[in-house]
Number of protein chains: 2
Amino acid sequence: MQISSDVLSHGGRQLVVTHDSAATATPMTFSLFLPPQAEHGKVPLVTYLSGLTCTHANVTDKGEYRRSCAERGLAFLAPDTSPRGDGVADAEGWDIGLGAGFYVDATEAPWSANYRMWSYVTEELPTLLAGEFPMLDRGRQAISGHSMGGHGALTVALRHPGRFRSVSAFAPIVAPSQVPWGEKAFFHYLGADREAWRQHDAVALIERGGRLPALKVDVGGADPFLERELRPGLLEQACAAAGQPLELAVQQGYDHSYHFVSTYMAAHLDWHASRLKI
Amino acid sequence: MQISSDVLSHGGRQLVVTHDSAATATPMTFSLFLPPQAEHGKVPLVTYLSGLTCTHANVTDKGEYRRSCAERGLAFLAPDTSPRGDGVADAEGWDIGLGAGFYVDATEAPWSANYRMWSYVTEELPTLLAGEFPMLDRGRQAISGHSMGGHGALTVALRHPGRFRSVSAFAPIVAPSQVPWGEKAFFHYLGADREAWRQHDAVALIERGGRLPALKVDVGGADPFLERELRPGLLEQACAAAGQPLELAVQQGYDHSYHFVSTYMAAHLDWHASRLKI
């Protein structure tokens with residue numbers, strides 16, 4: 001593990017870390033913000049999964065999370081969205097390949113060699129953090145994400161009951177099995193068997209009994225992907241049918257960019273903090 | 001004038017605008033944040049001048065000013081730091097040429113053809129804004145900036161008495177005539193006559209009687225440029241000798257990056273707001 005950057009910011013430490021990943025068989029880079037409270041004891045951890053085309057850097061630069069995290073005493077983890085480097089498979093278009101790992105373990109060639117982001121974010125990275133950053137309180141964790149990363153946050157939390165006290169998402173892809181981005185990615189990464197897809201589809205997981213302790217979702221009313229790719233109504237229906245509590249809001253006028261994410265970041269972190277501090 | 005981006009952010013509008021500049025004889029791009037209060041009346045304007053290597057985009061992406069501006073009702077203007085485009089002179093190194101206009105009107109070839117950032121930020125851009133954005137209250141203005149842009153903010157304000165109610169800077173170059181960055185830039189842009197340099201040197205201007213209504217400066221204690229390029233002690237001495245009020249703080253542990261700027265942005269905007277709302 002190599003800390004490539006360690007900068008004082010809002011009273012805490014903004015780290016950028018690179019390490020060799022066994023899951024992806026590549027170097028991987030993540031950012032980790034440690035609030036000032038981490039100097040004196042354990043702090044809760046919010047994991048944030050990013051969207052298509054992003055690296056760790058997008059939310060680190062534009063997410064405006066540090067002020068709230070420093071005030072609330074939250075650590076904030078931002079992994080990359082795919083393996084990268086020489087020999088890593090890629091394809092035309094930004095919705096598959098580099099920057100588009102979709103938080104699955106690919107089973108199909110050529111993707112299966114490196115695109116193992118599910119194992120990376122659910123197993124390898126938590127184990128690394130537990131060893132290297134003992135100030136992170138594994139018993140008080142939240143997860144969030146944006147777009148493809150909102151899909152990741154929902155599915156990771158649904159399949160790890162008890163790991164996260166609260167789950168939120170900004171403009172998530174809630175039913176990837178049913179929308180073009182998800183269908184394309186899952187077909188290439190997971191093959192033609194749609195049953196395998198449903199293990200990575202939040203709506204399908206909720207329909208099959210998956211539950212979250214607390215769920216908050218915001219989407220932008222002017223998001224150009226709202227009806228075709230995000231389809232929050234499918235999540236609303238599944239949660240209503242299943243009795244899954246959901247705080248869903250359509251924020252009128254907001255688009256899909258980090259202007260939307262940063263506008264609502266403080267509200268999400270406040271909401272997580274109130275659940276993590278219990 | 002062309003609005004190339006207009007995005008809802010923190011309740012206001014984040015614009016990016018391109019226009020043909022007569023001052024620089026090039027297209028110029030700036031960003032302008034209009035807080036929600038601008039929908040209903042005039043709002044004060046904070047002009048922020050950026051540092052070496054920056055465009056309008058650095059502070060727009062990383063400055064974390066929108067939340068405070070929306071809360072306080074402040075518009076926030078971020079111009080570019082130099083002319084750009086085909087035929088615009090450049091040189092080796094990032095401390096002269098593109099991204100390094102130093103807020104002067106160059107008198108020396110080849111720079112004099114386009115590097116007229118003084119005229120651009122003090123005359124042309126304010127005139128454009130007055131015509132195109134009548135919600136900006138020209139009677140309630142503040143100015144700030146970072147590093148080279150802190151130099152720009154100080155010198156623009158010192159030479160336009162009465163235009164700005166408050167002036168602040170993050171890690172400013174306070175005495176460019178006396179430090180390597182400034183000496184190199186002024187020699188190339190303004191020639192060998194050091195008297196011309198002093199018209200663009202905040203410490204020299206204060207020593208000659210220039211005054212500011214209110215001045216707040218923060219510098220990072222771990223800024224690698226502190227002793228060689230920034231030299232806040234020279235500003236402190238000049239202000240003390242002249243009776244110029246100065247709120248100067250060395251923020252221990254902070255570097256020269258946008259982590260420093262964004263950490264203290266809210267405090268600067270609060271400080272400006274308290275003076276602009278009088």
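1. Helix 3 of chain B, burial. In this predicted model, the buried residues of helix 3 of chain B are M117(B), W118(B), S119(B), Y120(B), V121(B), T122(B), E124(B), L125(B), P126(B), L128(B) and L129(B). Buried here means under 20% relative accessible area.

2. What the helix packs against. Five strands of chain B are in contact with the buried residues of helix 3: strand 2 (12-21), strand 3 (26-34), strand 4 (43-49), strand 5 (75-79) and strand 6 (136-145). Helix 4 (148-158) of chain B also packs against these residues.

3. The kink. Helix 3 of chain B covers residues 117-132 and has a kink of about 35 degrees at E124(B). The proline P126(B) follows shortly after the kink. Both E124(B) and P126(B) are among the buried residues of point 1.

4. The largest pocket. Its volume is about 270 Å³. Of the 22 residues that line this pocket, L45(B), P126(B), L129(B), R138(B) and Q141(B) lie nearest its centre. Strand 4, strand 5, helix 3 and strand 6 of chain B each give two or more residues to the lining. Helix 3 of chain B gives the most, with 6 residues. P126(B), already met in the kinked helix, is thus also a lining residue of the largest pocket. By class, the lining has 15 nonpolar, 3 polar and 4 charged residues.

5. The second largest pocket. This pocket has a volume of about 230 Å³. It is lined by 17 residues, and those nearest its centre are L45(A), T47(A), P126(A), Q141(A) and R163(A). The elements of chain A that supply two or more lining residues are strand 4 (43-49), helix 3 (117-132) and strand 6 (136-145). The lining divides into 12 nonpolar, 2 polar and 3 charged residues.

6. Helix 4 of chain A. How many of the residues in helix 4 of chain A are buried? The count is 11 of 11, over residues 148-158. The buried residues include M148(A) and L158(A), together with G149(A), G150(A) and G152(A). H151(A) and T155(A) are buried as well.

7. The contact between the chains. Chain A and chain B each put 21 residues into the contact. The size of an interface is often given as the accessible area lost when the parts come together. For chain A and chain B, the buried area is about 1,900 Å², and carbon and sulfur atoms give 50% of it. On the chain A side, L8(A), E64(A) and H259(A) lose the most area to chain B, together 33% of what that side buries.

How values were computed. Residues are numbered from 1 along each chain as its sequence is written. Chains are lettered from A and ligands numbered from 1 in the order in which they are written. This is a predicted model: local features need pLDDT of at least 70, side-chain atom pairs count only at pLDDT 80 or more; totals for chains, interfaces and linings use all residues. Side-chain values use heavy atoms; hydrogens and water are left out. The bend at a residue is the angle between axes fitted to the seven residues ending there and the seven starting there. Helices (H or I, at least four residues) and strands (E, at least two) are DSSP runs, numbered from the N terminus. Buried means under 20% relative accessible area, exposed over 50%, partly exposed in between (1.4 Å probe, protein chains only). Contact means heavy atoms within 4.5 Å. On a 1 Å grid over the protein atoms alone, a cavity is a set of points where a 1.4 Å probe fits but cannot get out, and a pocket is an open set with protein on both sides within 12 Å along at least five of seven lines; lining residues have an atom within 4 Å of a point. Grid points are joined across faces, edges and corners, and a volume is the space filled by probe spheres set on the points. Ala, Val, Leu, Ile, Met, Phe, Trp, Tyr, Cys and Pro count as nonpolar, Asp, Glu, Lys and Arg as charged, and the others, Gly among them, as polar. Buried area is the accessible area (1.4 Å probe) that two parts lose on being put together, summed over both.
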